[in-house]
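Student: Could you take me closely through the nonpolar core and whatever is packed around it? I'd like one connected walk rather than a list.

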Amino acid sequence: MQGSFDQYESGHFFDEMFAGNGQVRPHYELLRRRFCEMTTAEIDRKRVLAEKSYLNQGITFTVYSGDEGTERIMPFDLIPRIIPADEWEMIERGLVQRLSALNLFLHDIYHGQRIVKEGIIPEEIIRSAKHFRPELVGLDVPHGIYIHICGTDLIRGADGTYMVLEDNGRCPSGVSYLLENRQAMKRVFPKLFNRYSVRPVDRYPQELLAALRHVAPHGNPDPTVVVLTPGIYNSAYFEHSFLARAMGIEIVVGPDLVVENSRVFMKTTKGLKQVDVIYRRIDDDFLDPTVFRKDSVLGVPGIVGAYRAGNVNLANALGTGVADDKVTYYYVPAMIKFYLGEDPILPNVETFLSAVENDRKYILENLENLVVKAANESGGYGMMIGPHASREEIEKFRAAIIADPRGYVAQPVISLSRSPCYCDGSIEGRHIDLRPYILAGKTTTIIPGGLTRVAMRKGSLVVNSSQGGGSKDTWVLDGEGGEPC
Amino acid sequence: MLSRVADACFWLSRYIERAEANARILDVNIQLLLDFEDQHGGTAANHWQPILATLEDQELFNETHPDLSGDNVMSFVTFEKKNPHSILSCVSIARENARTVREQISSEMWEQINRLYLYLHSPSARATFAESPIDFYRSLVDSLHSFQGITDATMTHGEGWEFLQAGKFLERADSTSRVLDIKYHILLPSGERVGGNVDSTQWMAVLRSCSAMEAFLKISHGRVSGWQVAEFLILHDSFPRSLRFCVDHLDLALHNISGSERTHFSNEAERLCGVLRSNLDYTTIEAVFRTGLHQYLDQTQLRLTEISGALVKTFCTWMHED
């Protein structure tokens, strides 16, 4: 059987590969031909080859059941998502603009709160944000950069317009999948890869390290940078060690660090060694048991004191969660206008705040048609998709919204764009999103593309890996869509 | 280097070496059994009890197994998860340590150890084992050798590598002394005399389990006696599994880590290792047998344990603070 697209239905969705009339979009033509040449057996063989390389490298997450964990790989789809050069250029400008505004916002919020004083954002919204850290008010961070690494989730609606679904300004994960997906594709489709001129992604770790070195305390030109991980049982541990390896720096766990005289040191075979910049993959709450959660065994007692004293820098900064609060999200377009005097290049998804009376009324009357999200959850948790929800679930969220209006927002259901995916012997459309990784250092850089996440279950709109999502490689083209042939 | 990383490298390496030693010991014992079963009709217990004694696993085995059969012992030493010294446990612990230092070791090393781990947990490992235990142990030893080769060829020979060497040679010295000691536990069948056929076949098995047969025969002119085998495995200066060679290389790794001259010591691990090294450099096989071979090996194992403790205390003292 041929792995062709004859049976493919793009349905009533924006399809990345096919236009409405069933015509393949030009930048996908070479790919279509390549897949039509292959039998399903060949495609299966390539899929097994790719999966085996993930398993051998230990790119797995652990699913616990019974007395021992089984290691699973994140599902990987062989059909890449392709983004033409001009489309990417627009996305890139939009993301740089957005992260610049968010960093200016964070500086403002922890200093004069001009944006509140001038009536753009109500004070109440900031004060009640779960991740606002009063401890940081007045603290100057190097170069005013709070979010050094941002993972912004983009989706495309029915007309193909790119929209921002959320900003992840705390510890966005997934970049290792992006890099490994590329390695896997190069291995299994070397020729196809050559015929498209795909922009490379492999300099990400070097750019990340440059961004981290840039923000060393006291302008130290040769800082010691480390990755701080919760440990090997964390589901993202592979990524933490992957990045440390690719940057050539140490990976540490809380107990490897000690604070003395407001300085952070790591415990080495030759004594204590001072640490200057910490790329921490531990949430604020667990970072310092003397300041935040007392029960945290992952953190480093006293590290916030050293941070406040300016002797160590953290990436991302403490307190960035106030910027990826889903209520704050509502105000990002206004922030862009306020701080930069520009119109947003990438629009938000239409959002209703249950904290605002008119919006709340609308939300409560239309729960079965809306997506409701808890303001401070991530990873697809604390979310209800109205049309897919049971009566019971809807009532649960209704009660929750009435009890805590600040805690929820609602959005219309966006029928995310779909991309052809190879599922059990045939090619079918699946919903996808895109998470580019934006680095703010000396300049703001984005490696071309991002992680394309796929809702592998038929009809599902949830792409998070914790909810059964998979991923595919994302190709940003250098020119116009591969050499003609 | 982080103390935690040094500690993980040291133990990762020890467990890899221990897995290899177990595989070798089992392989050789199966062969011995094939040689002698028919002629002498010794009970299985006679053949397998020494294995448990030398691995110091006897108590746990007796608790969990009513009878001492070859199959029980082999599966206990190979696949038993509850046995912390089983090959499966050793490889799992080594992999767990490797996981915590993945950015220190090369990707190739990790992949090799991870592949082995996945294999041992797969049905195909059990199938190969059931079909031919000898092939199974051979291929296991091959995989572990590959790990050593990959380590040498792909990892920077810096501090982390030296901790791997220290762990490897310390464990290897320990396992060579245990393999030699097996012979002490094996009773000769009645009517057999020391130096007779059975005796020398058993000594040859000891040599084989250290991959020392060919090297030994090159210098022994075809004669195999306990005296000579012990001398070779304890005192030979360049065979890579002899006690003397292993302790010498352990000493070298320790000095490379600290940066001090080999003629002196700068920490307790180096001092203890230096004492053991000079003993091996200047003792004779006559003196060893005067002490008693078993007693000598026992003492050596104790000293190796002390060196290991001192090493961890010297370099990884942070680990054990709180």
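Tutor: Let's settle the term first: a nonpolar core here is a set of buried Ala, Val, Leu, Ile, Met, Phe, Trp, Tyr and Cys residues joined through C-beta atoms within 7 Å. Buried, in turn, asks for 20 or more other C-beta atoms within 10 Å of a residue's own. Keep in mind that we're looking at a predicted model.

With that in hand, the largest nonpolar core has 226 residues, and V226(A) and L250(B) have the most contacts inside it. Its top contributor is helix α1 (residues 3-40) of chain B, which puts in 16 residues. Domain 1 and domain 2 of chain A each supply at least three residues to this core as well.

Now zoom in on V226(A). Setting aside residues up to four places away in sequence, V226(A) touches I249(A), E250(A), I251(A), V252(A), M266(A), V275(A) and I278(A). Strand β6 of chain A covers residues 225-228 and runs parallel to β7(A), with three bridges joining the pair. One partnership to pick out is L228(A) with V252(A) in β7(A).

Step back and those strands belong to an open, parallel sheet of four, ordered β7-β6-β11-β12 in chain A. At its edges sit β7 (250-252) and β12 (313-315) of chain A, each paired on one side only. On average, neighbouring strands are turned by 30 degrees against each other, ignoring direction. Helix α9 (residues 237-247) of chain A lies across β6 and β7 of chain A, at about 150 degrees to β7(A).

Some of these elements turn up again where the chains meet. There, 16 residues of chain A are in contact with 17 of chain B. On the chain A side, α2 (40-57), α9, β7 and β9 (263-268) are the elements giving two or more residues. That side is mixed: six nonpolar, six polar and four charged residues.

Back to the two domains of chain A that feed the core. Domain 1 is built from several stretches (1-134 + 147-198 + 325-349 + 425-485), while domain 2 is 352-412. Their C-alpha centres are 25 Å apart, and 14 residues of domain 1 of chain A contact 12 of domain 2 of chain A. On the domain 1 side of chain A, helix α12 (residues 326-330) of chain A gives the most, with three residues. By class, that side has five nonpolar, six polar and three charged residues.

Two single residues round off the tour. I120(A) sits in the loop between α4 (114-117) and α5 (123-127) of chain A. I120(A) counts as partly exposed because it has 15 C-beta neighbours inside 10 Å. Beyond neighbours within four places in sequence, I120(A) contacts I115(A), Y331(A), A334(A) and F338(A).

Over in chain B, P133(B) lies in helix α8 (residues 133-154). P133(B) is partly exposed too, because 19 other C-beta atoms lie within 10 Å, where buried would need 20 or more. Leaving out residues up to four places away in sequence, P133(B) touches I30(B) and M74(B). The C-alpha atoms of P133(B) and A23(B) are 9.8 Å apart, though 110 residues separate the two along the chain.

Key. Residues are numbered from 1 along each chain as its sequence is written. Chains are lettered from A and ligands numbered from 1 in the order in which they are written. This is a predicted model: local features need pLDDT of at least 70, side-chain atom pairs count only at pLDDT 80 or more; totals for chains, interfaces and linings use all residues. Domain bounds come from an automatic or database domain assignment. Two residues are in contact if their C-beta atoms, placed from the backbone, lie within 7 Å. Ala, Val, Leu, Ile, Met, Phe, Trp, Tyr, Cys and Pro count as nonpolar, Asp, Glu, Lys and Arg as charged, and the others, Gly among them, as polar. A residue is buried if 20 or more other C-beta atoms lie within 10 Å of its own, exposed if 12 or fewer, and partly exposed in between; C-beta atoms are placed from the backbone. Two strands pair if DSSP finds at least two bridges between them. Axes are lines fitted to C-alpha atoms, for helices over the stretch in contact, and angles run from 0 to 180 degrees between N-to-C directions.
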